[in-house]
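This briefing summarises the computed geometry of a single chain for use in modelling work. It proceeds from the overall fold to selected helices and loop residues.

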Amino acid sequence: KKKVSKSAQENLTDDFYDSYVNSLNKLKLVYSKQAQKFIDVHFSQNNNSKHYYEYILEEYNNSKFFIKVPNLQDNRIYHILTSTPRNLKYFLNIKYTVDIHNSHPLLFAKFVMDRYNIPLSCRKSLLSSLLEINPYIKVYNVRKKLYNLLKQNNIKCSEILEIPNDVLKYLYLVCSGEFWNVVIPTLEEKTTNTYNIIRQDVKVIMFAQVFYGKSLTSRGKKYAKIFAQQFPNIYSVVLSFKRGLARDKRTVLTHKLMSLESQLFREALKRLFEKGYKVVSIHDAIVVLNVIENDNLTPEIVKEVLCDVYAEIGLLPDCSTDYYGEKEMKNFMEKEKFLREKGDEYIKELRKLAEGDDDIKQLVEDYDKGRSEIILTSDGKDVMLHLKDIKTIMYK
């Protein structure tokens, strides 16, 4: 029997811990044969990743699960599912997950409203009004319109007249769930030295250069510069968390956002546990297991609980649902088959072209040494070469 992390015992109440572990141990590997087949034939996989996939499967077959909180600064909950590669989740008894869109940019909106002295009592109404107005639609004097909307509802919030337009746009984007949809098309490049930058890469770069970076300027950081141009006052609030601190202490914002997220999700889980549901979390998502206790638990119920919890600190989250199960598992395996066939053709063609081209020879070498991978394009109709180490792109 595995020992429980001491920090987990100290940080979690007995009732919450027991409920979480009880739910966690309802998690099962239900498509083991298909999972093993996936590992055996998964395209573009080196021996290290294959061994890790096999280790995770072994854990599901032989282990009793516990949770741990290894970092008291972040207060995050870690367990077997947070260590499970996304590809393997298709083979588990997951019914669906409910995710918060642009979770950390949304949480940062709380600190932004703190900085602009927006009273908690009017934050929900302010954000609701913003969603109604949509400041990306050209409306004359958005702040005045917001003020009048709140006034009609007998809510006094004169502070909004001092909020800059870029801050209002930021608040709108994170509450509508459109933040990445607007920011990424601005930042995204089709290629960088023949390697494609994908949506997740842009998120990583954005967090590294803006929210989580240690620098006090955007100098030499293209993505930070673009963000600062779009949201100058938001960028100023970001930097305010870093000024006056030693360089190694400037990750304080990272820990604040993770800790706040953990706090909110624990409260949401607690409310679902009290109703007898079997759920767990993966940081910014609630995972609903396919067990009898959850027969009546709909995504709408989960979203309502999350929205209620976030509303208590003045935030309005936008949520999405990802479904799992046999149908989704089979669809995933079909995509894997397509990727393998197209990927084989692609790498063979590259090897032929490499015979007379040093640049292509370097691409093949990167692939052979595991520095790059072949993945599906966003439309799923073709494959492309993608550099695994995003830092190589970030600092070119």
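A residue is called buried when its relative accessible area is under 20%, exposed when that area is over 50%, and partly exposed in between. The model is predicted. With that cut-off, 50% of the 396 residues of the chain count as buried. In helix H5, the buried residues are Ser103, His104, Pro105, Leu106, Leu107, Phe108, Ala109, Phe111, Val112 and Met113.

**Overall fold**

- The chain contains 17 helices and six strands.
- Its radius of gyration is 23 Å, close to the 21 Å that the globule rule gives for 396 residues, so the chain is as compact as a globular protein of that length.
- The C-alpha trace spans about 65 × 55 × 40 Å along its principal axes.
- Among contacts in the chain with a separation of 6 or more, 69% are accounted for by residues 24 or more positions apart.

**Surface and charge**

- About 20200 Å² of the chain is exposed, and carbon and sulfur atoms supply 46% of that area.
- The side chains include 62 positive and 51 negative ones.
- The centres of these two charge sets lie 5 Å apart.

**Helix H5**

- H5 covers residues 103-115 and has 13 residues.
- From its first C-alpha to its last, H5 reaches 19 Å, close to the 18 Å expected at 1.5 Å a residue.
- Because 10 of the 13 residues of H5 are buried, the helix is largely enclosed by the rest of the structure.
- Asn117 follows H5 and has a positive phi, near 55°.

**Helix H13**

- H13 runs over residues 252-274, and its 23 residues should span 33 Å at 1.5 Å a residue.
- The end C-alpha atoms of H13 are 33 Å apart, which agrees with that expectation.
- Gly276, just after H13, takes a positive phi of about 90°.

**The loop between H4 and S1**

- Gln73 lies in the loop between H4 and S1.
- Leaving aside neighbours within four places in sequence, Gln73 is in contact with His255 and Ser259.
- Gln73 and Asp166 are 93 residues apart along the chain, and their C-alpha atoms are separated by 31 Å.
- Asn75 also lies in this loop, which joins helix H4 (47-62) and strand S1 (94-100).
- Although Asn75 is not a glycine, its phi is positive, at about 60°.

**Asn25, between H2 and H3**

- Asn25 is located in the loop between helix H2 (14-24) and helix H3 (32-41).
- The relative accessibility of Asn25 is 18%, so this residue counts as buried.
- Not counting residues up to four places away in sequence, Asn25 touches Lys64 and Phe65.
- The C-alpha atoms of Asn25 and Asp389 are separated by 34 Å, and the two residues are 364 residues apart along the chain.

**Asn154, between H7 and H8**

- Asn154 belongs to the loop between helix H7 (142-152) and helix H8 (165-176).
- Asn154 is not a glycine, yet its phi is positive, at about 60°.
- With a relative accessibility of 72%, Asn154 counts as exposed.

**Leu216, between H10 and H11**

- Leu216 is found in the loop between helix H10 (199-211) and helix H11 (222-230).
- A relative accessible area of 32% makes Leu216 partly exposed.
- Leu216 touches Leu239, Lys242, Arg243 and Arg250, not counting residues up to four places away in sequence.
- One of these partners is Arg250, and the C-alpha atoms of Leu216 and Arg250, 34 residues apart along the chain, are separated by 9.2 Å.

How values were computed: Residues are numbered from 1 along each chain as its sequence is written. This is a predicted model: local features need pLDDT of at least 70, side-chain atom pairs count only at pLDDT 80 or more; totals for chains, interfaces and linings use all residues. Side-chain values use heavy atoms; hydrogens and water are left out. Helices (H or I, at least four residues) and strands (E, at least two) are DSSP runs, numbered from the N terminus. The radius of gyration is taken over C-alpha atoms; the globule rule is 2.2 Å times the number of residues to the power 0.38. Buried means under 20% relative accessible area, exposed over 50%, partly exposed in between (1.4 Å probe, protein chains only). Contact means heavy atoms within 4.5 Å. Accessible areas come from the Shrake-Rupley method with a 1.4 Å probe; for residues, only the protein chains shown count as cover. Lys and Arg count as positive and Asp and Glu as negative; His and the chain ends are not counted. The place of a charge is taken as NZ of Lys, CZ of Arg, CG of Asp or CD of Glu. The expected span of a helix is 1.5 Å times one less than its number of residues.
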